[in-house]
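Hello,

Here is the structure I promised to pass on to you. Please have a look at it, and then read on for what I found in it.

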Amino acid sequence: MRIPKRRMRLFDATSVRQYSPSFSLALTAPLILLLIFSFLYPVGRLLWMSVATPDGFTAEHYLRVWNQPLYLNILWRTIQLAFVVTVASFLLAYPVAYAMTLVKNRWAAVMTACVLIPLWTSVLVRSYSWIVLLQRNGVINNLLRDSGVITDPLHMLYTEGSVMIAMTHSLLPFMILPIYSALNTIPLELAKAARNLGAGPIQAFFRVTLPLSLPGVYAGSLMTFILALGFYITPALVGGPQTLMMATLIGQQTTELLNWPFAAALSGVLLAATLLLVAIFRKTLSLNKGVQFG
Amino acid sequence: MKITAGRSGTGSLGRQVEIIRISKFYGNMRAVDAVSLDVAPGEFLSLLGPSGSGKTTLLMMVAGFETASQGMISVGTRDLTYVAPNERGIGMVFQKYALFPHMTVAQNIAFPLKMRKFSSDDIGRKVQEALALVRLEEYGERMPSQLSGGQQQRIAVARAIVFEPPVLLMDEPLGALDKKLREQLQIEIKQLQQRLGITVLYVTHDQEEALTMSDRVAVMNDGRLEQIGTPVELYERPGSAFVADFIGKMNFIDGEWVGSGGAAGIVRVKDCGSLAVHGNPRGSDTVLAARQPVRIAIRPEQLRIAKQGQGGEHVLNGVIQNAIFVGSYRVFLVRLGDESVVHVQLPSGQASQNLAEGENVELSCEPDAIHLFPARAAG
């Protein structure tokens, strides 16, 4: 708990207040300009496109999303899948992150590398590797058939399950790293103190280690959830026509049907849904924090 | 200083702690090497030693965070050697307090009671009593981060004793505090311990702290127990050169044994004279041969300074290199003939004012106050 404080003081010492406002603005200007031209402007154009017609404004595209159950179903499925992926990532990531804090020097480096290398590998490569694994004549089917477990190949690729597995795999590092960094700041003495005061290993974990690592869990979950909501490449490659997600639907509308205003409206809906869910998430968390951390 | 009572009756919590030939090996390294200790019920015993001497490892074995490679640890009549830490029922105060940052002060103190499934009424009452005991009644609803270091330390003590453990372990609990606060808390902890009658095993590398607080001090070096005794015994009769050096200030002078001169023996120091000494080297019964090299140790306050020609029969000749005024006493650095420098401490005033830097003087000492040790091993 002492280290963050010291770090804060470090920040105070080189506070913005030491520079004049105009100089601060000059320093941040390149980033602000970049954000305006590569983020705010395109998003604005997109939203504009979803409502503008040559003669004025229309809500036609939004009404279409609202009135056709298909599109709302896809939105709902996307949210569900993002949620499932987040939960699955959490369940897989926590033990890994926890183990990373326990192992000693060399193994810690090995584990960190194992977590980071997939992160540096293109999502495209990782998605194709799932195709290799899951397809009809893929590694898994061949193994199962050769060992006599099955006679007919399983249908695994292009299902919601394959999308979930591949997305969880892709997003896992985003969950592991924040949890790891949160766990790493918890002094080892605290778990020892809990044990000394009469808590068994499981109680010590649930009463001390887990609550103290929750900020990392929240950060990881939020990041994973947001990324999962807008995930495009993996669902496009390992998901079939039955497993359209919002992102793949938008892709279809822009590249195949060339219905740009409707694609823009879908994007607007996804953006609004994401912002809403994030707001709800943060609200719940801040309430939680109020109780736990004062 | 007054400690407000929160508890009826005093002084019967403590149990005996028995440590029998306990060892801890890490590969070839012997962190703790066959240490035996017997702590009486209600005794305050310090484990004192430099870092790496094995004192913390020993404490961790009593707490259950390290498993002994050999030997046995028992509290009362219960063998604890292989019992899980949470089932030992021993209180512990950690070096950095280890308060749970996500719980209030009251929740922290309630933690061991909750683990023991006390009723919520009992928990509330006992927490309040424990807070009163450390004089922080008003702080129950604060978070640990809102307290000063000294207050956090007191809360850690309250949490460690609230479930009335028979033994309290303390791992350099005052190391992170400044000197003044440390001295105040030393007295507070000592008084609390006496009031509760709890057995305390206290780890420190600060010899002054160990001498101030302890009934007995166990000095550790290199995983072994060097000497155990009351603070006065350790100070006045150190059993080895290591203890003599570690406890208090000590001058070491190399010399050679010349033989008995009446009741005392004589040790000659090269190029500067000789001193009359009592007895054999500590830790051995060997009769010294003539011209055998020995080491003598003398406390700075046991040496006397006399002007040249006035010191008596057995004196060491030297030159006052520095005279330092330290308030209630003066320290003189006296350079002997063999270029070694000896510290002499005299009360301020009277005779010590007349001694100037650069003056030739004679050092003498009562034979009883000189500790004789075997010579340093060559190399």
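One term first: two residues are in contact here if their C-beta atoms, placed from the backbone, lie within 7 Å. Please also keep in mind that this is a predicted model.

**The two domains of chain B**

Chain B is divided into domain 1, residues 17-245, and domain 2, residues 249-374. How many residues of domain 1 of chain B are in contact with domain 2 of chain B? Six residues of domain 1 are in contact with seven residues of domain 2. The six on the domain 1 side divide into three nonpolar, two polar and one charged. Taken over C-alpha atoms, the centres of the two domains of chain B are separated by 39 Å.

**Chain B as a whole**

The secondary structure of chain B comes to eight helices and 20 strands. Along its principal axes, the C-alpha trace of chain B spans about 80 × 45 × 35 Å. Of the 379 residues in chain B, 41% are buried. If you take the contacts in chain B with a separation of 6 or more, 68% of them are between residues 24 or more positions apart.

The largest nonpolar core has 117 residues. Those with the most contacts inside this core are A158(B), L169(B), L201(B), A218(B) and I296(B). Domain 1 and domain 2 of chain B each give at least three residues to this core. To see A158(B) in its surroundings, look for I109(B), A130(B), L131(B), L133(B) and V134(B): A158(B) touches these five, leaving aside residues up to four places away in sequence. A second, separate core of 46 residues includes A166(A), A247(A), L249(A) and F262(A).

**A sheet in chain B**

Chain B also has an open sheet of four strands in the order β2-β1-β4-β5, with antiparallel pairing. Why do β2 (29-39) and β5 (78-79) of chain B each have one side without a neighbour in the sheet? Both strands stand at the edges with a single partner strand each, so one side of each is left free of a neighbour there. In general, strands of a sheet pair through backbone hydrogen bonds, in a parallel or an antiparallel way. Strand β1 (residues 17-26) and strand β4 (residues 70-75) of chain B pair in the antiparallel sense over five bridges. If you want a place to start looking, I19(B) has I73(B), in β4(B), as its bridge partner.

**Two loop residues in chain B**

N354(B) lies in the loop between β18 (341-347) and β19 (360-364) of chain B. Is N354(B) buried or exposed? With 9 other C-beta atoms within 10 Å, N354(B) is exposed, because a residue counts as exposed at 12 or fewer. The C-alpha atoms of N354(B) and K307(B) are separated by 9.7 Å, and these residues are 47 apart along the chain.

Q310(B) sits in the loop between β15 (304-307) and β16 (316-325) of chain B. Q310(B) is exposed too, with 11 other C-beta atoms within 10 Å. Between the C-alpha atoms of Q310(B) and P238(B), 72 residues apart along the chain, the separation is 30 Å.

**Chain A and where it meets chain B**

Chain A has 13 helices and zero strands. Its C-alpha atoms fill a box of roughly 70 × 70 × 35 Å, taken along the principal axes. Buried residues make up 28% of the 294 residues in chain A. Among contacts in chain A between residues at least 6 apart in sequence, 72% join residues at least 24 apart.

The contact between the chains takes 19 residues from chain A and 18 residues from chain B. On the chain A side, α9 (188-196), α10 (201-229) and α13 (260-293) each supply at least two residues. Which of these helices gives the most? α9(A) does, with six residues. By class, the side of chain A that touches chain B has ten nonpolar, six polar and three charged residues.

**How confident the prediction is for chain A**

The mean pLDDT of chain A is 86, and 91% of its residues reach 70 or more. Confidence in chain A is highest in α9(A), at 94, and lowest in helix α1 (residues 2-13), at a mean of 43. Over residues 1-13 of chain A the pLDDT stays under 50, and the model has two contacts for them beyond four places in sequence. Residues 290-294 of chain A also have pLDDT below 50, with four contacts in the model beyond near neighbours in sequence.

Happy viewing, and best wishes!

Definitions and conventions. Residues are numbered from 1 along each chain as its sequence is written. Chains are lettered from A and ligands numbered from 1 in the order in which they are written. This is a predicted model: local features need pLDDT of at least 70, side-chain atom pairs count only at pLDDT 80 or more; totals for chains, interfaces and linings use all residues. A residue is buried if 20 or more other C-beta atoms lie within 10 Å of its own, exposed if 12 or fewer, and partly exposed in between; C-beta atoms are placed from the backbone. Ala, Val, Leu, Ile, Met, Phe, Trp, Tyr, Cys and Pro count as nonpolar, Asp, Glu, Lys and Arg as charged, and the others, Gly among them, as polar. Two strands pair if DSSP finds at least two bridges between them. Domain bounds come from an automatic or database domain assignment. pLDDT is the predictor's confidence in each residue, from 0 to 100. A nonpolar core is a set of buried Ala, Val, Leu, Ile, Met, Phe, Trp, Tyr and Cys residues joined through C-beta atoms within 7 Å.
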